[in-house]
Amino acid sequence: MKLASWNINSIRQRHTHVQQWLTKEQPDWLFLQEIKCQNEQFPAEIFEEMGYQVIVNGQKAYNGVAILSRHPYQLNHTVLPDLNEEDPQARYLEIESQGIILCNLYLPNGNSGGEEGFQRKIHFINTLIKRAEHLLKNKQDCIFAGDFNICPTNQDYAPQTLSSDDALVKSESRNGFYQLLWLGLTDALRAIYPTETLYTFWDYTRGAWQRNAGLRIDHALLSPKIAERLQSFTINKSERDKEQPSDHVPVIIEF
DNA sequence: ATGACCGGAATCTCCGGA
């Protein structure tokens, strides 16, 4: 099986990139984040014509997640269960397909909105930990993948790209990521590449791509049985070199 | 010391992104 995740930074700007990439890679599932449109604005037809079912959880202007699936599925959640927010943003999409619970994530960045904005990120992570705990307790095969907006260690961001109090590297954010690992989930990239410096995002500004001033913030966390079956982790860096790219590139796991 | 580069929405400039 092949599962990919890609923060696309507007599906309307980059549906052709996705179409061409799908033709080449043919994943079983593609998780998209930051689609930046409402459900009815998502160009579903072009992907349906390619044999994908399209599940969209969008909102106006910002955020928004979607899953493209080659297989039948059951929709589980469009809001992270127990996330007690009055007006939850479109940052979560959970389905079951081929016997696996597939959770597509777009965590809050946490740098805007002051302390309140940061606490919303921490609340999201804590609620995610509870969801993972629940699924693992029930012995469910599951995958949590997407844009976590967390650099787990200092190796996961290029020197001088972020300050030590940035929400992507703050210990509260990282501790949440570590707690997911301590529950028994496997960081798929580190299972394959324990020590290499690898990034999945390069800022549009400051020549970040040319200087390789990147971040590793797009992750895939696997439940134990899936982790045992893990065969590869691929970062499609070449997408960052294309015309009008997203600032994130696709990441792919095979198992 | 500061801005840079994007997309979206609502204007003739802003906010969020990471």
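This text walks through a predicted model of a protein with DNA, from its sheet to its helices and then to DNA strand B.

Start with the sheet. Six strands form it, and the sheet is open. Their order is β5-β6-β7-β8-β12-β9, and the pairing is mixed. The edge strands are β5 (74-77) and β9, and each of these pairs on one side only.

Look at the β5 edge. Here β5 pairs with strand β6, residues 92-97. The two strands are antiparallel, and three bridges join them. One position to find is His77, whose bridge partner in β6 is Glu94.

Now move along to β12, which covers residues 218-222. On one side is strand β8, residues 142-147. Five bridges link β8 and β12, and the two run antiparallel. Asp147 stands opposite Asp218 of β12. Strand β9, residues 186-187, also pairs with β12 in the antiparallel sense, over two bridges. In that pairing, Asp187 has Leu221 of β12 as its bridge partner.

How many of the five residues of β12 are buried? Five of the five are. A general rule helps to read this strand. In a regular strand, side chains alternate between the two faces of the sheet. In β12, Asp218, Ala220 and Leu222 lie on one side. His219 and Leu221 lie on the other. Residues on both sides are buried, so both faces of β12 are covered.

Stay with β8 for a moment and find Gly146, which sits in this strand. Is Gly146 buried or exposed? Its relative accessibility is 0%, and buried means under 20%, so Gly146 counts as buried. The C-alpha atom of Gly146 is 4.7 Å from that of Leu105. Along the chain, these two residues are 41 residues apart.

Next come two helices. Helix α3 runs over residues 114-137 and has 24 residues. From its first C-alpha to its last, α3 reaches 35 Å. That is close to the 34 Å expected at 1.5 Å a residue. Just after α3, Lys139 takes a positive phi of about 60°.

Helix α4 has twelve residues, 171-182. At 1.5 Å a residue it should span 16 Å, and its end C-alpha atoms are 16 Å apart, so the two values agree. Which residues of α4 are buried? They are Ser173, Arg174, Gly176, Phe177 and Leu180. These residues cover an arc of only 155° around the axis, so they lie on the same side of α4. A general rule fits here too. An α-helix has 3.6 residues a turn, so residues three or four places apart point the same way.

Finally, turn to DNA strand B. There are 24 residues around this strand. Ser10, Asn109, Ser112, Arg206 and Leu215 come nearest. Which parts of the DNA do the protein atoms approach? Of the atoms of DNA strand B within 4 Å of the protein, 68% belong to sugar and phosphate.

Three side chains show this at the phosphates. In Ser10, a side-chain N or O atom is 2.4 Å from a phosphate oxygen of DNA strand B. For Glu34, the corresponding distance to a phosphate oxygen is 2.9 Å. For Tyr106, it is 3.1 Å.

What kinds of residue make up the surface near DNA strand B? Eight are nonpolar, eight polar and eight charged. Helix α1, residues 11-25, gives the most to this surface, with three residues.

Key:
Residues are numbered from 1 along each chain as its sequence is written. Chains are lettered from A and ligands numbered from 1 in the order in which they are written. This is a predicted model: local features need pLDDT of at least 70, side-chain atom pairs count only at pLDDT 80 or more; totals for chains, interfaces and linings use all residues. Side-chain values use heavy atoms; hydrogens and water are left out. A residue is near a molecule or strand if one of its heavy atoms lies within 4 Å of it. A polar contact is a pair of N or O atoms within 3.5 Å; within protein, one must be able to donate a hydrogen and the other to accept it, and residues adjacent in sequence count only if both atoms are side-chain atoms. Helices (H or I, at least four residues) and strands (E, at least two) are DSSP runs, numbered from the N terminus. Ala, Val, Leu, Ile, Met, Phe, Trp, Tyr, Cys and Pro count as nonpolar, Asp, Glu, Lys and Arg as charged, and the others, Gly among them, as polar. Buried means under 20% relative accessible area, exposed over 50%, partly exposed in between (1.4 Å probe, protein chains only). Two strands pair if DSSP finds at least two bridges between them. The expected span of a helix is 1.5 Å times one less than its number of residues. The arc is that of the directions from the helix axis to the C-beta atoms.
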